[in-house]
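Colleague: Please pick one part of this model and look at it closely. I would like to know how that part is built, what lies around it, and how the rest of the chain is laid out.

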Amino acid sequence: MPAGLLILLYLALALAPLGLAWAQGLAPRTPWDELSTGLGLVALAMILVEFLLLGRIRAVTRRVGSDVIMRSHQLLARAALVFVVLHPFFYISPRSPAPDWDTTRQSVIDYGWHGLWPGIAAWLLLGGLVAMAIGKEASGARYQTWRLLHGLMAAAVAGLGVLHALRAGRYSADPALAWLWIGMLAMALGALAYVYILAPFLRLRRPWRVSGIRHEADRTWVLTLAPDFVGRLRYRAGEFAWLNIGKSPFSLDENPFSIASAPSAGPELEFLIKEQGDATRQTGRIAPGTRAWVEAPHGHLTVAPHGPAPGVALVAGGVGLAPLMGILRELHARGDPRPKVLIYGNRHEGQIAYADELDRLSRTTGTEVVHVLSEPPAVWRGETGLITPALLRAHFNRPDRRDWLYVLCGPHRMITSAEKALIEIGIPSTHILSEQFVYD
Amino acid sequence: MIDRLLAPARRLPARRRTEAALGLILIVLILALAGFALRG
C-alpha cells in the first residue's frame, strides 16, 4: 500500500532525531525540559522533511497525487510551526553554564547567544513563512515572487534551525545526531536544488515548441506542443504538466495544465486553456514556434491503475474537461469496450469545448455525453442547471453503476458536492478520483 | 474483518482521507514526544 508506506517513511524521518536522542541514554532532565527539547527535535525534522513534500518530486507525487502531497505540506508545516512556537516556553531548569560535575548538562539549560540567535531567527522566520503561505491569495503577490520568497525563506529556516540545534542542543552535541542533522539539511536543500536548478538544467535537453494554438470555445484555447528532441513524454491520460512558454527553463514563471491529449495519439501534447488570470490572459497571442518547457507528468487522475471497473463515469465542470478528454480519447484509442458516461457542465453553449468531437464519440462509440448548461439557449435538449446531487443520482444511482470508476474535475465546489453525492448513493470513495488544488 | 475496519474510510471523500491520515501522523508524533518527555 504505497500511501501507507509513505506515512511510515514520513514518521521514520520525522522521529529519527528524537529516536537518536532517546538512544543516547543521557539521564533525562525534568519532563518539561525534555518536552521542550523533544518539540524542537521533532519540529526541526518535520521542517526538513517538508522539502520532500514540494509537489514536484514525481517519485512521491505519482504514488498519492500532487494535491495530497501539497495538502500534507501545508498542514504539516502548520503543525511544525505550533511545535516550534512552543519549543522555547517549557524549559524550567535554570539557564546557566553547567557546573563542572554536570558533564551531561542535566541540571541546567546551557547555551550562549552563539547558539541562541540562529534559533530565534529561525523561530521568527518560520512564523513569517507560514503566515505568508496562508495569506498568499489575499496578499495579491505575483505567484512567481511568492514562490521565490517562500523557497528562500524556507532554506534560511532550515539552515538556521540546524545551526541552532548543533550549537545549543544537548542531544545534538552527539556526533551521530549532529551528522543526522547535517544529512537531513543536505537532503532538504538538495531537494530544492533538484527542483529549481538540476531538473531545469536537465530539461535543456528536452525543448518543446508551440506547434499550434486555436480558439476552441469562449475564452478557451487549445494549445499544442511538439517535442524538439528525439523521443516523447511518457505519460498517462489524465495527468498534468507544468508549462513554461517562451521563458528560460530556470524561470519560475510556469503554471500547471492538464494534458488533454491521449498518450497513444503521438508525441504532441494538447492543452485546453481558459483565460482566467494573469498567467492565461495572453494565451491566444502565443505564436506557433515559441520555445516551451514541459515539467511532467504529474497527478494521479488516471484510470489505468484502478483495475477493471465495469464502467467509467467522467464528471467535468468547464475547463475541467481537459484531463477527462485525455482519458476519454485514450480509452477510445485503445478500443476499451466498457460503457462510459461524460457529464459536462458549462454556463452557456459557447463554452462547450470539443463539441464536435464529443458528438462524434457519442455517435460512433456509444459514449453517453450529457451536456449541462446553467444558462441554456431557448432551444436546448440537454440538462439544465448545475451538476447537482440530484442530477448525479439520476444518472448513477443504479446497481449496475455502483462499481464504476468515477473521475471528477472542475471547480472546487462542484467536486466537493459531486463526491458527497456519489458517496451518498453508495459509491466507495476509493472508486472516486479527483484532484483539488484549493485548500482553505 | 479488514473490510469492516476500512468501511468508514470508504465513506470519506479523498480530501478527508488525507486529513485523517495527517491526524494519525500527528497523534503518533505527539505520543512519541510524550514518551520522550516522560521517560525515566
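Modeller: What follows starts with one helix and then works outward.

Keep in mind that this is a predicted model. The part I pick is helix 9 of chain A, residues 321-333.

Start with its length. Helix 9 of chain A has 13 residues, and at 1.5 Å a residue they should span 18 Å. The C-alpha atoms at its two ends are 18 Å apart, so the expected span and the model agree.

Next, is the helix covered or open? Helix 9 of chain A is mostly covered, with 11 of its 13 residues buried. The buried residues start with Leu321(A), Ala322(A), Pro323(A) and Leu324(A). Then come Met325(A), Gly326(A), Ile327(A) and Leu328(A). Arg329(A), Glu330(A) and Leu331(A) complete the list. Notice that Arg329(A) and Glu330(A) are buried as well. A general point helps when you look at any such list. An α-helix has 3.6 residues a turn, so residues three or four places apart point the same way.

Now look just past the end of the helix. Gly335(A) comes just after helix 9 of chain A and takes a positive phi of about 70°.

What surrounds the helix? Take the parallel sheet of chain A. This open sheet has six strands, in the order 10-9-8-7-11-12, and their pairing is parallel. Its edges are strand 10 (383-384) and strand 12 (432-434) of chain A, and each of these pairs on one side only. Helix 9 of chain A packs on this sheet. There it touches strand 7 (312-317), strand 8 (340-346) and strand 11 of chain A. The direction of the helix makes about 150° with that of strand 7 of chain A.

Follow the sheet out to one edge. Strand 11 of chain A covers residues 405-409 and pairs with strand 12 of chain A in the parallel sense, over three bridges. Tyr406(A) has Ile432(A), in strand 12 of chain A, as its bridge partner.

The helix has other neighbours too. Helix 9 of chain A also lies across strand 3, strand 4 and strand 5 of chain A. Its angle to strand 5 of chain A is about 150°.

Those three strands lead to another sheet. Here six strands form an open sheet in the order 4-3-6-1-2-5 (chain A), with antiparallel pairing. Strand 4 (255-258) and strand 5 of chain A are its edges, each pairing on one side only. From one strand to the next, the twist averages 40°.

Walk across this sheet pair by pair. Strand 3 (residues 240-245) and strand 6 of chain A run antiparallel and are joined by five bridges. Trp242(A) has Glu295(A), in strand 6 of chain A, as its bridge partner. Strand 6 (residues 291-298) of chain A also pairs with strand 1 of chain A, again antiparallel, over two bridges. Here Trp208(A) is matched with Ala292(A) of strand 6 of chain A as its bridge partner. Strand 2 (residues 220-227) of chain A is joined to strand 5 of chain A by six bridges, and the two run antiparallel. Val222(A) stands opposite Leu272(A) in strand 5 of chain A.

Step back to the domains. The domain assignment of chain A gives domain 1 (2-202), domain 2 (208-298) and domain 3 (304-434). The centres of domain 2 and domain 3 of chain A, taken over C-alpha atoms, are 24 Å apart. Their contact takes 19 residues from domain 2 and 17 residues from domain 3 of chain A. On the domain 2 side, the elements giving two or more residues are strand 1 (208-217) and strand 5 (269-274) of chain A. Strand 5 of chain A gives the most to that side, with three residues. By class, the domain 2 side has 10 nonpolar, five polar and four charged residues.

Last, the whole picture. Chain A has 12 helices and 12 strands. Its C-alpha trace spans about 90 × 50 × 35 Å along its principal axes. Of its 440 residues, 39% count as buried. Chain A also meets chain B, where 21 residues of chain B are in contact with 30 residues of chain A. Helix 2 (residues 14-38) of chain B gives the largest share of the chain B side, 15 residues. That side divides into 14 nonpolar, two polar and five charged residues.

Key: Residues numbered from 1 in each chain as written. Chains lettered and ligands numbered in written order. Predicted model: local features only at pLDDT ≥ 70, side-chain atom pairs only at ≥ 80, totals over all residues. Pairing = 2+ DSSP bridges. Helix = DSSP H or I, 4+ residues; strand = E, 2+ residues; numbered from the N terminus. Contact = placed C-beta atoms within 7 Å. Axes fitted to C-alpha atoms, helices over the stretch in contact; angles between N-to-C directions. Nonpolar A, V, L, I, M, F, W, Y, C, P; charged D, E, K, R; others polar. Domains from an automatic or database assignment. Buried ≥ 20, exposed ≤ 12 C-beta atoms within 10 Å, placed from the backbone. Expected span 1.5 Å × (residues − 1).
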